[in-house]
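Got the model open in your viewer? Let's walk through it one selection at a time.

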Amino acid sequence: MTKILAVDDSNSLRQMVAFTLKQSGYEVVEAVNGTDGLQKARATQVDLVLTDVNMPGMDGITLVRELRSLPTYRFTPILVLTTEAGTEKKQEGRAAGATGWLVKPFSPDQLLATVKRVLG
Amino acid sequence: MSIDISQFIQTFLEESFEGLDSMESLLLSLTSDDSESINAIFRAAHSIKGGAGTFGFSEVARFTHGVETLLDEARAGRRAVTTEMIALLLESVDCIHAMLEAARDGSPVDAARIATIGAAIEASLRTVDHVMLDSKTVDSKVLDTQLPEAAANSHAAAQGPHGWRIVFIPEQDVMRSGNDPLRLIAALRELGVLQVACNTSALPPFEDLNAEDCYLSWEMTLLGEVNREAILEIFEWVEGQCELIVEPLSASAEVVDEMVDEVPHGDNNSAQACPNQSLQASGSEPPSLSVSASASSSAKPAARNRADNGSIRVNTDKIDALINMVGELVITQSMLSQMGSHLQTGDINYCIEGLLEGLAQLERNTRELQENVMSIRMLPISFAFNRFPRMIHDLSASLGKQLKLKLSGEHTELDKNVLEKITDPLVHLVRNAVDHGIESPDVRLAAGKPAVGTVHLNAYHKGGNIVIEITDDGAGLNRQRILAKAVERRLIPAGQSITDEQIHDLIFAAGFSTAEVVSDVSGRGVGMDVVRKNIKALGGSVEVQSRDGLGSTFIIRLPLTLSIMDGQLIGVSGESYVIPLISIVESLQVREDSVKSVASRGMVYRLRDEYIPVLFLHELLGIRSPDTKQLTESLLVVVEADGQRAALVVDDLLGQQQVVIKALETNFKKVGGLSGATILGDGTVALILDVSGLISLSRQITGPARSIHPEENKAA
């Protein structure tokens, strides 16, 4: 089953993302910040990472950078969930190695469309 | 498929209120160079905005966006953190709080205030701070908020021709960002009929080929009513990592065929990524552009009903401890059942010993389990205390007094229900302390005190109670003024000497205020009586100690929980009842010569120099059985409630124990004189007596029953 790691310090958003993905038959691993996310990504190889940017402890951008430095995550799609519609955070995310982004607020349908697009 | 996201709204609201609380406390302690705090405040605002947008609170999202932008500029060092800004942000926190509350409860919001604060934020965003060099940032952010509409317009304007020529030349390392050109092409295919040609001319010889690099480029024609933005959106993630040409098809139509080339075999990666033939596919429905707008509005109605279903956050340590204890309980149980089976076969003495040991263990397990389950409902009083830094900050500004707040014992835990109900009385007492107690700076200096007044909130456990003290170092209660006011209001006769304690008690009388000027903070005289009533309703008490010129202390005593209480078991006519221990003053044997019969008042009992009405429980409760003893053989339990004493006639005192209160109201109906029921160790049900209810019940039967002082009695 396709595994997706969802990293967000906001419980409600993370739960929404996880619920939406689970409903569509994905297996979801949840993490509450970058450190947690990195640990879980190391423990289980996932097929897609969705991460929030602003989080206490390790932020999303650092998580992307850390993941990309792992041999098993060099090509794994990583999407950053950002509220910033501006280009600054997107560029920062991409410079760190993110595949793309999803701009908050997004609906469950948008989330699924993007995930499907990335996972093919 | 559609996903119902309303189920997460509760969580969102909870975390948002938490976020707002932490924003507030951080703002109150914020200094300009505290980047860690500014970051934390920003993060909180950011999360609220994100969630609000997702869960359909577009007003909140829009409002918070301005706040977030302001904070973002502050944390980026583009805007100085001023006291005005902090004040504005605090107001904003209130607004967001009010908006979310309104969303939760369906209550009305102060739209005017929100509009004012919102405008103030907009205005301060427009004022370019002197340290801020890049004014473009503001413009672009403002534009972003209007994005959905603007985007829709531009889409309409850019209605494309019937086809596009797309040339896509990714950089070699494109796949290292997790982007797969094949997926992009697949996404394009969904927009219309797509013809793809792959250009393999850049492929190096096999031995030089790095399987992780991309050497291919593509040229495609996309046929159909597709607008340019939809195509660019697909390539959005690889922008800057590729060369991309998107032009209307009329410019060049036949390139595609020429570009087709052969792919060398043996290159696993490229072969997979690049089929050596033109791909033709007709796309499914083009994705709808209005998704974001419709999705965010659809979540709204569900949020209307009050979402507070009484959930509680519990530290996982507490849950782990519980699970641990249940484990112990299971072990004890299996040990006991093993002993039980031994009984039939084994050595009886050995079994009895084992059973007794097992029972002792069971008792310990049960007690620990009970304590731990109770502690789950316990929350630190900091939940109530945390609002006071802000309140003191605001009061200090509005009253022109210099104030300092000291908190201690914030980690003292008490029942969630008690905590919720004690907050309002606490607010009132702190307000009073600041308004009436603490003097203005010049008066304080003249009295030789520091200009800054201190309010100290302290909480600690004492016995089975929690004690909360509110101490101020102000002027103390003004004895003369209270006395004068009390005489004026005919609460006491003029010229009567009364003790300090009685004076202090007067401030809890309804409608009592000594404030010369009624301020918007306090002084209307409603409140102290309500404070006392609320505290009493929780089974607690409040008293005041005051020293002239040195300040006063309000001491609140509360039970730790509302669901378990210490009770005195009594027997009346063969039935067992429970009297709350907290309301018992003393128990004594009846002395015949102390019992007096007073016309129209029933019987009174002379206890030292006070006459107390005697209440016959079996009469009040409607039990008339031959078991009822003579008064002289009975015992009297002197109880106090609402400042009134009464002596209850009981047959026996059976013992004290903790009882779990089961409400009568929810299981049966409200019965006068009873506050609930409990199940005793032997399985029988005992009713819990409501002392103040009993006193008022007795009044209905025998007329006003109140304690009389002997002097008063003689005068009458």
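A search over all chains turns up 31 salt bridges in the whole structure, where a salt bridge is a side-chain nitrogen of Lys or Arg within 4 Å of a carboxyl oxygen of Asp or Glu. Start by selecting B:Arg165 and B:Glu219: they form one of these, with the closest N and O atoms 2.5 Å apart. B:Arg165 sits in strand 1 (residues 163–170) of chain B and B:Glu219 in strand 3 (residues 217–223) of chain B, so the pair ties together parts that are 54 residues apart in sequence. Helices (H or I, at least four residues) and strands (E, at least two) are DSSP runs, numbered from the N terminus.

A word on the ground rules: this is a predicted model, so local features need pLDDT of at least 70 and side-chain atom pairs count only at pLDDT 80 or more, while totals for chains, interfaces and linings use all residues. Residues are numbered from 1 along each chain as written, chains are lettered from A and ligands numbered from 1 in the order written, and side-chain values use heavy atoms, leaving out hydrogens and water.

Next, colour chains A and B separately and look at where they meet. Here 45 residues of chain A are in contact (heavy atoms within 4.5 Å) with 44 residues of chain B. The area buried between them is about 3500 Å², with carbon and sulfur atoms giving 56% of it; buried area is the accessible area (1.4 Å probe) that two parts lose on being put together, summed over both.

Which side chains meet in a salt bridge here? Pick A:Arg74 and B:Glu212, at 2.5 Å from N to O. The rule finds 1 salt bridge across this interface. On the chain A side, helix 1 (11–23), helix 4 (87–96), strand 5 (100–103) and helix 5 (108–119) each supply at least two of the residues that touch chain B.

While you're in chain A, zoom in on A:Pro105, in the loop between strand 5 and helix 5. A cis peptide bond joins A:Lys104 to A:Pro105, with omega about 0°. Most peptide bonds are trans.

Now move to chain B and show strands 7, 9, 10, 12 and 11: in that order they make an open sheet of 5 strands with mixed pairing. Strands count as paired if DSSP finds at least two bridges between them. The edges are strand 7 (403–408) and strand 11 (541–547), each pairing on one side only. Inside this sheet, strand 9 (residues 453–462) and strand 10 (residues 465–472) pair in the antiparallel sense over 8 bridges; label B:Leu457 and you'll find B:Ile470 of strand 10 opposite. Then add helix 21 (residues 528–537), which lies across strand 11 and strand 12 (551–559) and runs at about 30° to strand 12. Axes are lines fitted to C-alpha atoms, for helices over the stretch in contact, and angles run from 0 to 180 degrees between N-to-C directions.

Last stop: another open sheet of 5 strands in chain B, ordered 21-13-14-23-22, again with mixed pairing. Strand 21 (652–660) and strand 22 (674–679) have a single partner each, so one side of each is left without a neighbour in the sheet. Neighbouring strands are turned by 35° against each other on average, direction ignored. Strand 13 (residues 564–572) pairs with strand 21 in the antiparallel sense over 8 bridges, and B:Met565 stands opposite B:Val659. Finish on B:Ser573, in the loop between strand 13 and strand 14 (575–580): its phi is positive, about 50°, although it is not a glycine.
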